[in-house]
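Open the model in your viewer and keep the selection tool ready. We will go stop by stop.

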Amino acid sequence: MEPDYHSLLTNYDGRPVFIAEIGINHGGRRANTLELVDLALESGADIIKMQLHTLEDEMSPAAQEIFPPNADVSIWSVVEDAMLPLEVLTEVKTRVEQRHKKFLVTPFSRSAVTSLAQIGVSAVKVGSGEVSNWPLLEHICGMQVPVILSTGMHSLDDVKAAVDIFRVSGVPVAVLHCVSLYPTPLDKVRLDGISQLRTMFPDLTVGLSLHTPSTAAVVGAVALGARIIEVHFTDSHERLGPDVSSSFDPSEFASMRQEALEVFAALGERASPFPEEFEVRAFALASICATRDIVRGEVFSEENIFPMRPEGGDFRPQDLMQLIGRRCTENLSRGDQVPRGAVDLDDGR
């Protein structure tokens, strides 16, 4: 089923939606980009996510001296080498939507937001680094399209402030629990963050943006209520790039998706037994029965009555103590289910 953005971002009740983050794994090359997009769609991605960088509008020269912990060059160089022209993103958008899937882009600057508005993207992903960039969030609000917001590196108060900006502007928003480590060690994934976000934003769709190829983490997230799963995607772990070690390859993505959907299928509210369970109840539950022959006038005790399968008698196991000490008003044989008419209910007890 094709995911719908309106329901996706407003307490979506369907199956989890899977986002393949192509990110910068394409290395800035069109051919790599299209190949990764095709592989992600074949692996079951519902949404393809790209990034739009405009270097001079996004970073000051000081960024040339900042080295990410997962790269051996500056963040300026990382972005410079991975920039894609808007024409390639437009081509990807067409390619994805022709296959009836969705297309997301993360803008990192005002000019990137303006460009996305020009090509008509139907939703925007806001990266964790922009949670506290209120001026850019306000600029994104001007697009009036739904937003999916990652929350890494920020407190719950920071996240609430960002969500409030979108609420005030009438922009639908979903929030993804995220830890901004590449890759994220499993003991730092902190899946309880999903429960915290669901408590803080009961009316919003909550999900997980994961930076380590762990199916277990995704399955756990779905069990906790995550309904949007975003992971980085690569064609091979042999590819060079700072995000490759944080990514799922095609077989990993497909297996992760299948296991997550199986967990989702196994979920459900604990309200009442299924109708199908009543066939099992017939032999699995018990009734109060005579455990030996009982003569009329004898007092019931745990020596002569006790629960025995199957169900169907007048008294259930939890009624036992109400019968203890009452008189039997008719003869019963061992194994008889105690009928209501055989109990003196007016003996003054």
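## Stop 1: the largest pocket

The largest pocket has a volume of about 880 Å³. Select Gln-51, Ile-75, Phe-108, Met-153 and Tyr-182: of the 35 lining residues, these are the closest to the pocket's centre. Keep in mind that you are looking at a predicted model.

Now colour three elements: strand E2 (47-52), helix H4 (75-82) and strand E8 (228-233). Each supplies at least two residues of this pocket's lining. Which element gives the most to the lining of the largest pocket? Helix H4 does, with three residues.

Next, colour the lining by residue type. You should find 16 nonpolar, twelve polar and seven charged residues.

## Stop 2: the aromatic pair

Stay with strand E8. The structure holds one aromatic pair. Select Phe-233 and Phe-253 and show their rings. The ring centres are 5.7 Å apart and the planes stand at 80°, so this pair is edge-to-face. Planes over 60 degrees apart count as edge-to-face.

Where do the two partners sit? Phe-233 is in strand E8, and Phe-253 is in helix H11 (residues 250-266). They are 20 residues apart, and the pair links distant parts of the chain. Are Phe-233 and Phe-253 buried or exposed? Both Phe-233 and Phe-253 are buried.

## Stop 3: the nonpolar cores

Keep Phe-253 selected. Phe-253 also belongs to the largest nonpolar core, which has 65 residues. Add Ile-48, Met-50, Val-92, Phe-166 and Ile-229. Together with Phe-253, these touch the most other members of the core.

Zoom in on Ile-229. What is Ile-229 in contact with, leaving aside its neighbours within four places in sequence? The contacts are Val-17, Phe-18, Ile-19, Leu-208, Val-218, Ala-221, Val-222 and Met-256.

Then move to a second, separate core of 13 residues. Select some of its members, including Phe-300, Ile-305, Leu-332 and Ala-342. In soluble globular proteins, nonpolar side chains tend to be buried together.

## Stop 4: the cavity

Go back to Leu-208, one of the contacts of Ile-229. Leu-208 also lines the largest cavity. The structure holds one cavity of 30 Å³ or more, and the largest has a volume of about 40 Å³.

Select the rest of the lining: His-177, Cys-178, Val-179, Thr-184, Val-189, Ser-209, Leu-210 and His-211. Strand E6 (173-178) and strand E7 (206-210) each supply at least two lining residues. Strand E7 has the largest share, three residues. By type, the cavity lining divides into five nonpolar, four polar and no charged residues.

Key: Residues numbered from 1 in each chain as written. Predicted model: local features only at pLDDT ≥ 70, side-chain atom pairs only at ≥ 80, totals over all residues. Heavy atoms only, no water. 1 Å grid on protein atoms, 1.4 Å probe; cavity = no way out; pocket = protein on both sides within 12 Å on 5 of 7 lines; lining within 4 Å. Points joined across faces, edges and corners; volume = space filled by probe spheres on them. Helix = DSSP H or I, 4+ residues; strand = E, 2+ residues; numbered from the N terminus. Nonpolar A, V, L, I, M, F, W, Y, C, P; charged D, E, K, R; others polar. Phe/Tyr/Trp six-rings, centres within 6.5 Å; stacked < 30°, edge-to-face > 60°. Buried < 20%, exposed > 50% of the residue type's maximum accessible area, 1.4 Å probe, protein only. Core = buried A, V, L, I, M, F, W, Y, C linked by side-chain atoms within 4.5 Å. Contact = heavy atoms within 4.5 Å.
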